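Please take the sequence and the coordinates together, and follow the chain from its overall build to its individual residues.

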Amino acid sequence: SQRTLVLLKPDAVRRGLVGEILGRIEKKAGWTISALELRQLEREVLEQHYAEHVGKPFYEPLVEFMASGPAVALVVEGERVIEGVRALAGPTDPIAAAPGSIRGDFGTIVRENLIHASDSAESAEREIKIFFPGLA
Ligand code: GTP
Ligand code: MG
């Protein structure tokens, strides 16, 4: 089985959507939430997390948004969970995301798209180390 790093972004926390989003993840057969924390994300952590986007026009406003209030970080384990959580989330642009997906149901703004999920096994291991350095 696989594991993935998920962030419920500050817009999800501010809008009271944490329970709704966690519920969708929790209800998938055989998936387990193995770590979960509500926390204010520090700039250093976000700079590591979004290193691939340094220099892009959306980078600075993205880091600022991600530090604008508490977020929920979690690790989810289970069958095909990396592609599975990204499928639940929908595409980056919420207007392009189908209804039924998290971004498609609740989002309109590209930056404020509610959820992050690791995009590969390599990304997942890198990101889990950033957010949960104590996790094996
Ligand atoms: P994450 O799961 O958050 O990594 O989203 P993603 O993998 O769907 O998108 P990507 O890694 O390409 O970009 C990271 C985040 O930057 C996105 O989730 C958006 O919040 C933001 N972002 C990406 N592209 C754009 C863009 O063109 N404009 C703006 N304003 N924000 C963007
Ligand atoms: Mg990404």
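Where is the place of Arg80? In this predicted model, Arg80 sits in the loop between strand 3 and helix 5, and its phi is near 50°, a positive value in a residue other than glycine. Most residues other than glycine have a negative phi. Arg80 counts as partly exposed, because 14 C-beta neighbours lie inside 10 Å. A positive phi also appears at Leu114, where the angle is near 75°, and this residue is found in the loop between helix 6 and strand 4. Leu114, however, counts as buried, because 25 C-beta neighbours lie inside 10 Å, and the cut-off for that class is 20 or more.

With these two loop positions in mind, one can turn to the whole chain. The protein chain contains 7 helices and 4 strands, and from the N terminus on its elements follow the order β-α-α-β-α-α-β-α-α-β-α. The radius of gyration is 14 Å, close to the 14 Å that the globule rule gives for 136 residues, so the protein chain is as compact as a globular protein of that length. Taken along the principal axes, the C-alpha atoms fill a box of roughly 40 × 35 × 25 Å. Of the 136 residues in the protein chain, 32% are buried, and among the contacts between residues at least 6 apart in sequence, 69% join residues at least 24 apart. UniProt, in an unreviewed entry, lists residues 1–135 as "domain: Nucleoside diphosphate kinase-like"; over these residues the chain is 40% helix and 21% strand, and the end C-alpha atoms are 17 Å apart.

The pairing of the strands can be followed from strand 3 (residues 70–78), which is joined by 7 bridges to strand 1 (residues 2–8), the two running antiparallel. Within this part of the model, Val6 stands opposite Leu74 in strand 3. Strand 3 also pairs with strand 2 (residues 32–40), again in the antiparallel sense and over 8 bridges, and here Ala35 stands opposite Val75 in strand 3.

The segment after helix 7 (121–131) holds Phe132, which brings the reader back to these strands. Leaving aside its neighbours within four places in sequence, Phe132 is in contact with Ala35 and Val75, the residues that stand opposite each other in the pairing just described. Phe132 and Leu74 are 58 residues apart in sequence, yet their C-alpha atoms are 8.7 Å apart in space. Phe132 itself is partly exposed, because 17 other C-beta atoms lie within 10 Å.

Next comes the ligand. Which residues surround ligand 1? The shell consists of Phe58, Leu62, Thr92, Val110, Arg111, Asn113, His116, Ala117 and Asp119, and by class it has 4 nonpolar, 3 polar and 2 charged residues. From an unreviewed entry, the UniProt annotation "binding site" covers Lys9, Phe58, Arg86, Thr92, Arg103 and Asn113. Phe58, Thr92 and Asn113 therefore appear both in the annotation and in the shell around ligand 1, with the shell counted by C-beta atoms within 6 Å.

Two of the annotated residues deserve a closer look. Asn113 is placed in the loop between helix 6 (102–106) and strand 4 (115–117), and it is buried, because 22 other C-beta atoms lie within 10 Å. Not counting residues up to four places away in sequence, Asn113 touches Thr92, Pro94, Arg103 and Gly107; Thr92 and Arg103 are covered by the "binding site" annotation in UniProt as well. Arg86, by contrast, is located in helix 5 (residues 81–89) and is partly exposed, because 19 other C-beta atoms lie within 10 Å, whereas the buried class begins at 20. Leaving aside neighbours within four places in sequence, Arg86 is in contact with Ala117 and Asp119, and both of these residues belong to the shell around ligand 1.

A last position is His53, which lies in the loop between helix 3 (43–49) and helix 4 (59–66). His53 counts as partly exposed, because it has 14 C-beta neighbours inside 10 Å. Apart from residues up to four places away in sequence, His53 touches Tyr59 and Leu62, and Leu62 is one of the residues that surround ligand 1.

Conventions:
Residues are numbered from 1 along each chain as its sequence is written. Chains are lettered from A and ligands numbered from 1 in the order in which they are written. This is a predicted model: local features need pLDDT of at least 70, side-chain atom pairs count only at pLDDT 80 or more; totals for chains, interfaces and linings use all residues. Ala, Val, Leu, Ile, Met, Phe, Trp, Tyr, Cys and Pro count as nonpolar, Asp, Glu, Lys and Arg as charged, and the others, Gly among them, as polar. The radius of gyration is taken over C-alpha atoms; the globule rule is 2.2 Å times the number of residues to the power 0.38. A residue is buried if 20 or more other C-beta atoms lie within 10 Å of its own, exposed if 12 or fewer, and partly exposed in between; C-beta atoms are placed from the backbone. Two residues are in contact if their C-beta atoms, placed from the backbone, lie within 7 Å. UniProt positions are given in the numbering used here, feature names are shortened, and annotations may be inferred rather than shown by experiment. Two strands pair if DSSP finds at least two bridges between them.
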